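Student: I would like to learn how to read a structure like this one. Please show it to me.

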Amino acid sequence: MVASKDSGENLVSVQVDDHWISVPRGTRMIEACKQAAAEVPHYCYHPKLTSPGNCRMCLVEMGMPPRPSPGEEPELDADGHAKINWMPRPVIACANTVVDGMGIRTQSLLAKECRQGVMEFLLINHPLDCPICDQAGECTLQEYSVEHGNGQSRFLESKVKKPKNVEIGPRIRLDDERCVLCSRCVRFSKEVVDDDVFGFVDRGSHSVLTVHPDRKLENNYSLNTVDICPVGALTSNDFRFKMRVWFMRETKSLCTGCARGCNTVVGSREGKIYRQSPRENNDVNSAWMCDTGRMEYHQLENPARLTEPMIKRGKKHRTVDWPEAICRAARDLTKFKGEQLAIIASGRMTNEELYLTRTLAESLQPGVVDIVKREGEGDDYLSHCDKNPNVNGARKVLKIRSPGSKLKSIRKRIVEDKIKALLVIGEDLIDCGFTEGELSSLQCLVSSHIIANPTAKMSHVVLPGAGYAEKRGSMINATGRLQRLNKAIDPPGQSREDWEILHELNRAVDGCDGVTELADVFTQMASTLSIFKGLSLSRIGDLGVDVMDTGETVPLLEREARRVSEGLIVG
Amino acid sequence: MPIVVQRPRLTIAEKCYFPAIMKGLRITLGHAIRILLRKKKVTMQYPEAKWDDHLPEHYRGAPALVTDEHDRERCVSCQLCEFICPPRAITIIPEEIPAGDEWQKVEKRPKIFDIDMIRCIYCGMCEEVCPEQAIFLRKDYAITGVSREEMVHDKKKLYEIGGRREGLVNKWNELK
Ligand code: SF4
Ligand code: SF4
Ligand code: SF4
Ligand code: SF4
Ligand code: FES
């Protein structure tokens with residue numbers, strides 16, 4: 001929330017740890033403390049979910065200005081604020097809102113003792129699982145225990161045994177001994193994805209989290225509960241025991257599973273991706289992403305990945321080096337003129353790659369340029385029915401009016417022998433209805449893929465490209481937001497980032513060379529296309545910028561905004 | 001604050017080194033004579049004979065993995081030693097203990113555990129960091145091999161060197 005947006009009327013003065021700050025009326029105490037750089041430890045509070053106030057970790061000392069009797073003037077301190085009367089008992093900072101003149105102490109003896117007490121209670125039955133717990137290293141129980149805990153246990157009795165290693169869904173394992181009963185997972189499932197499967201049963205120290213006996217946690221957003229679980233009670237089967245979190249490098253990127261373009265963090269170590277999790281962007285995906293998109297990275301590990309450029313000799317492909325492959329592709333493609341040549345690009349390409357395809361098309365002058373349409377099932381949350389992540393980019397950069405509409409006529413003209421050469425980038429044509437007969441009748445088929453497929457098998461020149469986490473670039477999502485894709489790992493073997501391949505092809509065809517890095521491509525593109533005017537690759541930033549108005553809205557964000565306006569959540 | 005160390009004043013005899021050289025020669029000659037007269041042994045037929053019995057308790061030799069009193073491998077593959085190891089000698093790939101295994105409740109164990117003994121500097125950090133008391137520096141110091149591969153100790157070799165250690169950690173007892 002930006003304070004300057006509100007008029008002076010709506011601001012209140014709050015004292016946090018002896019400093020006065022102004023925050024909008026209705027701000028939660030915990031958020032006010034955050035703005036004053038006084039982080040209040042918490043478990044159950046999550047800004048995107050309602051606040052049941054059940055963990056008591058956020059207890060702070062609170063005080064109010066006295067209510068003067070009629071005619072009496074309040075006593076003022078040196079700053080002109082009314083003197084605060086401190087309350088003898090603590091309050092939770094997560095569910096209470098501030099009022100004018102309120103005082104909050106996060107570091108007083110009372111607040112510290114409260115935290116220490118809550119930590120001690122939480123650890124009474126907690127197992128000594130850190131060495132085998134995937135959460136270790138990013139566990140708030142570990143962190144707060146070091147910061148606010150006692151360092152040793154006074155508990156001599158036997159710990160309560162609870163269910164461990166329980167399959168509660170196809171992708172998630174539950175360990176009840178580690179659960180701190182914060183109910184974040186319960187609220188997420190109920191409030192955000194309308195799948196109320198979780199609940200607490202039993203009482204006191206025997207309370208456990210469980211799923212409905214006849215149901216499983218299997219909605220397509222289930223893995224978000226693993227992210228918001230502050231401890232290692234919910235762990236992902238996919239990530240389970242694969243890598244300790246402190247070894248991973250985190251790269252801010254995008255999911256390219258559909259046109260939503262959810263912001264992500266990709267965790268990798270030594271050239272291998274281990275997990276992908278959502279990154280908060282309140283204009284795109286809130287703080288969530290779907291499970292399907294999360295698992296997308298596995299396609300990069302496909303054993304059929306193409307790793308070397310190849311040229312077809314007779315019936316067989318042989319591997320060649322890049323200059324030879326590019327030279328051959330350029331020589332073959334330039335033999336054909338106008339109507340004889342077609343280019344089929346992809347809605348999975350970045351704007352930069354599409355732009356280089358466009359300049360290539362300007363030199364080669366093909367009869368048609370199109371991309372492949374990729375319709376799928378969407379839902380009422382984030383997942384979009386357009387499974388191409390950058391159709392809007394293709395519309396703007398490659399001037400595709402109606403994606404996929406020309407594929408039929410391309411096929412027809414191949415059969416009629418009017419089209420003799422085809423450049424295919426990132427698509428398997430057999431998968432889009434082309435027949436092997438049609439492709440084999442071409443005199444020249446140049447294609448670029450990341451995974452071996454029938455089209456690559458029929459191609460005269462095969463150029464191995466990079467997967468979405470192996471390259472940089474920008475994309476425009478369904479709501480018209482320009483966002484940046486980042487490189488987490490290197491493409492395998494000799495394969496290259498697609499913009500480099502296209503740039504080399506351009507150079508081999510037209511001889512021009514004004515580009516040394518990806519940012520130059522964007523700059524060139526920004527000088528040609530009005531939609532990118534004034535932007536550069538770095539100016540897109542981590543959260544992206546709106547460049548188009550597509551008229552689309554995100555159902556999940558709309559519901560979130562409604563809950564914010566009702567005061568249910570902070571947002 | 002700087003500490004000023006005074007240079008010692010040397011006598012003329014000390015300055016010309018000659019007396020010191022003579023002193024050294026006398027000791028060497030003394031040993032030689034005593035060995036020739038078979039009065040004393042100052043060398044050892046290494047490697048047939050070894051000095052091992054005299055190694056101090058705190059001696060740090062090759063790091064090795066140990067099993068517990070039930071022959072359970074103690075290491076749970078937490079990878080803390082891999083993290084702490086200064087020369088990055090340790091490589092671990094964890095795996096899940098399959099259902100039905102006697103120690104299924106431990107959940108996790110190393111599938112691969114390699115220590116590259118060309119890299120290891122015998123610092124003992126791995127032993128110190130291990131939360132499960134699973135890795136110890138043993139008294140083996142003569143680690144040889146004719147190829148780089150041979151110098152990598154795998155899980156089997158590590159348990160061979162390490163053997164069994166009882167007690168220490170009892171968190172995986174019947175209460176768990
Ligand atoms: S939840 Fe946190 S404190 Fe508990 S075992 Fe896992 S890492 Fe350790
Ligand atoms: S499983 Fe995690 S998120 Fe759910 S209640 Fe327990 S600690 Fe909270
Ligand atoms: S002794 Fe030191 S160098 Fe050798 S494996 Fe252990 S931590 Fe690494
Ligand atoms: S620190 Fe101990 S338990 Fe952890 S991986 Fe190393 S040897 Fe195994
Ligand atoms: S964060 Fe306030 S009670 Fe849990």
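Tutor: We will take the ligand shells, the nonpolar cores and one helix in turn. This is a predicted model, in which local features need pLDDT of at least 70, side-chain atom pairs count only at pLDDT 80 or more, and totals for chains, interfaces and linings use all residues. Residues are numbered from 1 along each chain as its sequence is written, chains are lettered from A and ligands numbered from 1 in the order in which they are written, and side-chain values use heavy atoms, leaving out hydrogens and water.

Student: How many residues surround ligand 2?

Tutor: A residue is near a molecule if one of its heavy atoms lies within 4 Å of it. For ligand 2 there are 14, and the closest include C179(A), C182(A) and C185(A).

Student: Which residues surround ligand 3 most closely?

Tutor: The closest of its 13 are C85(B), C120(B), I121(B), C123(B) and C126(B).

Student: What is a nonpolar core?

Tutor: It is a set of buried Ala, Val, Leu, Ile, Met, Phe, Trp, Tyr and Cys residues joined through side-chain atoms within 4.5 Å; buried means under 20% relative accessible area (1.4 Å probe, protein chains only). The largest one here has 51 residues, with V446(A), L463(A), F522(A) and F532(A) having the most contacts inside it. A second, separate core has 28 residues, among them C55(A) and V211(A).

Student: Which residues are buried in helix α15 of chain A?

Tutor: Helices are DSSP runs (H or I, at least four residues), numbered from the N terminus. In α15(A), residues 555-565, the buried ones are P555(A), L556(A), L557(A), R559(A), E560(A) and R563(A). After α15(A) comes G567(A), with a positive phi near 80°.

Key. Buried means under 20% relative accessible area, exposed over 50%, partly exposed in between (1.4 Å probe, protein chains only). Helices (H or I, at least four residues) and strands (E, at least two) are DSSP runs, numbered from the N terminus.
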